[in-house]
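Hi,

Here is the structure I said I would pass on. Have a look at it first, then read my notes underneath.

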Amino acid sequence: MFTGPRWFIPSALLRELDPDTERDGRRPRRTARDWVVDFCCFLLAVLVGMIAMEALVENPHVPAGLAVVDQMIGALACAAVWLRRRWPLGLAVALTPVTFVSDTAGGAGVIALFTLAVHRPFRYVAWVGGVNVSLVPLFYWLRPDADISYPVSVVFAVLLTVAIVGWGMFVRAKRQLLVSLRDRARRAETEARLRAEQAQRLAREAIAREMHDVLAHRLTLLSVHAGALEFRPDAPPAQTARAAGVIRESAHEALQDLREIIGVLRAGEPDDTGRPQPTLGALDTLVAESRQAGMKVSLDQRVGDPAAVPSSVGRTAYRIAQEGLTNARKHAPGTEVTVSVTGAPGDGLTVSVHNPPPEGEVPPVPGSGQGLIGLTERATLAGGRLAHGPTPEGGFEVRAWLPWG
């Protein structure tokens, strides 16, 4: 919405600058500036007409009756100046023959030509201005000036017409520049708002992926041990106590992770709160935690110095291994899962999680596949790639390659 002084802006320009202005097909109402400018143009047309009328009356070669008719035509032409904003092209075309036959209508004709140059494209100005310029030699040939020679009169009139047209075109170009700058500012504001919305959406998606990767692992542990307690009520006390400890610890970890994610949402910045993000060095802890939950996991760690892996790459590798173990626990319980990590600087980091086919039928898990979609996007954002699918022997494998420069 336009917030500047509206009374000082031309109505035609104000309509372009303010997109909230009603566009019902009617011409915009004059502003205070328009009234002042229109009144000054009317006075200028009357002043030029009065000067021409004085010279016309003093000319002995002009009959009195013709002078009266000329004055009446000039008065009507001056009154028509008030219509210049509504019909700039029609007024300029109508006053072209009028100014050719009437001296007192010359000021109104000049103002009409200037208005046409301001409000209409160049092709209309070129036609009307060209006709006016072509009539100048004939006009002074039929009605020579008593004080100025014919060549000087023609050159002066042509230069005056060109100057009026150039001035009007300059005003039009200035208005168009102002409108274009306003449009550019609007587009910049729109693009900035879209970028902010996109950044917010990407941040929410990242938080959603993080929440899935973290909580899915914890809740799967809860589900496994709770199911064991449900189906083995006669288990030894030591095993029951261990399962209860794992459930308690997993619930505590899940609650802590959820608290951190909510803290990130409230703080607005990912690094404002929360524990350090896991890296490749925490992979041993993840495997030990899975073994404690009853899984059979073998870790093939062939990276000499896990601490040398960039934190972003190590965190992505950790999340891939975590999601792979979670999927194996849900879809292939009781099988031995192999986690392999190899790589070196310059060659990249390869992470694979493989499990053989499960023994017997495994009930389908609702919502399967969402984690793999998130992992694929995570690996792509890190500059790597991820592939997953069944193996020839019937198992399943998740393999990812991440850049390690």
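**Aromatic pairs**

The count comes to 3 aromatic pairs, taking Phe, Tyr and Trp rings (for Trp, the six-membered one) with centres within 6.5 Å; planes under 30 degrees apart are called stacked, over 60 edge-to-face, and the rest tilted. Before the details: this is a predicted model, where local features need pLDDT of at least 70 and side-chain atom pairs count only at pLDDT 80 or more, while totals for chains, interfaces and linings use all residues. Residues are numbered from 1 along each chain as its sequence is written, and side-chain values use heavy atoms, with hydrogens and water left out.

One pair is tryptophan 35 with tryptophan 82: the ring centres are 6.2 Å apart and the planes sit at 45 degrees, so the pair is tilted. It links distant parts of the chain, 47 residues apart, with tryptophan 35 in helix H2 (residues 32-58) and tryptophan 82 in the loop between helix H3 (64-79) and helix H4 (88-101). (Helices are DSSP runs of H or I with at least four residues, strands are E runs of at least two, and both are numbered from the N terminus.)

Phenylalanine 42, also in helix H2, makes a tilted pair with tryptophan 82 too, at 5.8 Å centre to centre and 40 degrees between the planes. Trp35, Phe42 and Trp82 form one aromatic cluster.

How buried or exposed is tryptophan 35? Its relative accessible area is 47%, so tryptophan 35 is partly exposed (buried is under 20%, exposed over 50%, partly exposed in between; 1.4 Å probe, protein chains only). Tryptophan 82 at 27% and phenylalanine 42 at 22% count as partly exposed as well.

**The cores**

The largest nonpolar core (buried Ala, Val, Leu, Ile, Met, Phe, Trp, Tyr and Cys joined through side-chain atoms within 4.5 Å) has 29 residues. Leu280, Leu283 and Leu349 have the most contacts inside it. Helix H10 gives the most to this core, with 7 residues. Leucine 280 touches Val341 and Leu349, among others (heavy atoms within 4.5 Å, not counting residues up to four places away in sequence). A second, separate core of 19 residues includes Cys78 and Ile111.

**One arginine to look at**

Arginine 329 is in helix H10 (residues 311-331). Arginine 329 is buried yet has no salt bridge (a Lys or Arg side-chain nitrogen within 4 Å of an Asp or Glu carboxyl oxygen). The nearest side chain of opposite charge, glutamate 289, is 6.6 Å away (Lys and Arg count as positive, Asp and Glu as negative; His and the chain ends are not counted).

Cheers
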